[in-house]
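Colleague: Please take one part of this predicted model and walk me through it closely. I would like to know what surrounds it and what lies elsewhere in the fold.

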Amino acid sequence: MKMNAIIWPATFEPGFSDNFVSNEVIVAGLSAAEIWSLLSHPERWPTYYANSANVRFYDGSGPELKQGDRFYFETFGFPVEARCNESISPVPGAPGRLAWHGWAGTEGASDRLDVHHAWLIEDLDGGRVRILTQETQNGQPAIGLRNSKPNPMLNGHQDWLDGLISAAFRNRG
C-alpha cells in the first residue's frame, strides 16, 4: 500500500524553510475517523495535549476546523493566529488532511514566526491508522527552535501524537 504525503505551499516546502519537523505513528486498533474527531476540533486539543491552550474561533466559525476558518491558540509560549487552509475528512480509501498557516508577531518584524502545520490521517490494512504531522517554520524564532537541543518542536509534536492516541483509546470507553 502506497502511503500518502503532506501537500506543501511553495513558501513552506521542507528544505527551503528555516525549520522543519516530522513526527509519525502507526498504531493498531484505531481508525482515521476516531483520530479525526479529536484533531479537527481545536477546543479538544488541551484535553490531551498540555502544550495547547486558549483556543478560540473568529467570525462565528467552529467548532470543527474547515478550510478558511480563522482561529487562535497558544503553544510553545507563542500566541498563534491561524487560518485553516486544508480540511478534508478521512473516507475509505482516502486520507484525512488538516493544515493551517499560523503566525505570531508583526509581519516584517524580526520576531515574526510563520508556520505551516499539516496532518495526514489514513487507515492502513490490518486495522491500523497512520498519523503524520509535519511543520515548517520561517523567521528568526524558527532558527532558534531549529538550533535548540533537544528540539522542542519534535518533542512537543510527539507529545501531541501520544496524547491524541491515548485520548482516542479513552473515548472508546
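Modeller: Start with Arg 130. Arg 130 is buried, because its relative accessible area is 7%, and the cut-off for buried is under 20%. Arg 130 belongs to strand β7. Keep in mind that this is a predicted model.

What does the side chain of Arg 130 meet in there? Take the acidic partners. The side chains of Arg 130 and Glu 24 are joined by a polar contact of 2.3 Å. Glu 122 is another partner: its side chain makes a polar contact of 2.5 Å with the side chain of Arg 130. Then there is a backbone group. A polar atom of the Arg 130 side chain lies 2.8 Å from the backbone oxygen of Asn 4.

The list of neighbours goes further. Leaving out residues up to four places away in sequence, Arg 130 touches Met 3, Asn 4, Glu 24, Val 25, Ile 26, Leu 120, Ile 121, Glu 122 and Leu 124.

Now turn to Glu 122. Glu 122 sits in strand β6, which covers residues 113-124. Is Glu 122 buried or exposed? Glu 122 is buried, because its relative accessible area is 4%. Its side chain also makes a polar contact with the side chain of Asn 4, at 2.6 Å. So much for polar partners; the touching residues come next. With residues up to four places away in sequence set aside, Glu 122 touches Met 3, Asn 4, Ala 32, Pro 95, Arg 128, Val 129 and Arg 130.

Asn 4 therefore appears twice in this account, because buried Glu 122 meets its side chain and Arg 130 meets its backbone oxygen.

Next, step away from this site. The C-alpha atoms of Arg 130 and Pro 79 are 29 Å apart, with their positions 51 residues apart along the chain. Pro 79 leads us to strands β3 and β4, where it stands opposite Glu 74.

Strand β3 spans residues 70-75 and is mostly covered, with 5 of its 6 residues buried. Which strands pair with β3? One is β2 (residues 53-57), which runs antiparallel to β3 and is joined to it by 3 bridges. Here Ala 53 stands opposite Glu 74. The other is β4 (residues 78-88), also antiparallel, joined to β3 by 6 bridges. In that pairing, Tyr 72 stands opposite Glu 81. The hairpin of β3 and β4 has 2 residues between the strands, and Phe 76 there takes a positive phi near 50°.

Strand β4 also pairs with β5. They run antiparallel over 7 bridges, and Glu 86 stands opposite Ala 99 in β5.

Several of these strands meet again at a cavity. How many cavities of 30 Å³ or more does the structure hold? It holds 1. The volume of the largest cavity is about 150 Å³. Its lining counts 17 residues, and those closest to the centre are Thr 75, Val 80, Val 115, Glu 135 and Met 153.

Where does the lining come from? At least two residues each are supplied by β3, β4, β5 (96-104), β6, β7 (128-138) and α4 (152-171). The largest share, 4 residues, comes from β5. By class, the lining has 11 nonpolar, 5 polar and 1 charged residues.

Back to the starting point. Strand β7, which holds Arg 130, is among the suppliers of that lining, and so is β6, the strand of Glu 122.

Notes: Residues numbered from 1 in each chain as written. Predicted model: local features only at pLDDT ≥ 70, side-chain atom pairs only at ≥ 80, totals over all residues. Heavy atoms only, no water. Buried < 20%, exposed > 50% of the residue type's maximum accessible area, 1.4 Å probe, protein only. Polar contact = N/O pair within 3.5 Å; in protein donor to acceptor, adjacent residues only side chain to side chain. Contact = heavy atoms within 4.5 Å. Pairing = 2+ DSSP bridges. 1 Å grid on protein atoms, 1.4 Å probe; cavity = no way out; pocket = protein on both sides within 12 Å on 5 of 7 lines; lining within 4 Å. Points joined across faces, edges and corners; volume = space filled by probe spheres on them. Nonpolar A, V, L, I, M, F, W, Y, C, P; charged D, E, K, R; others polar.
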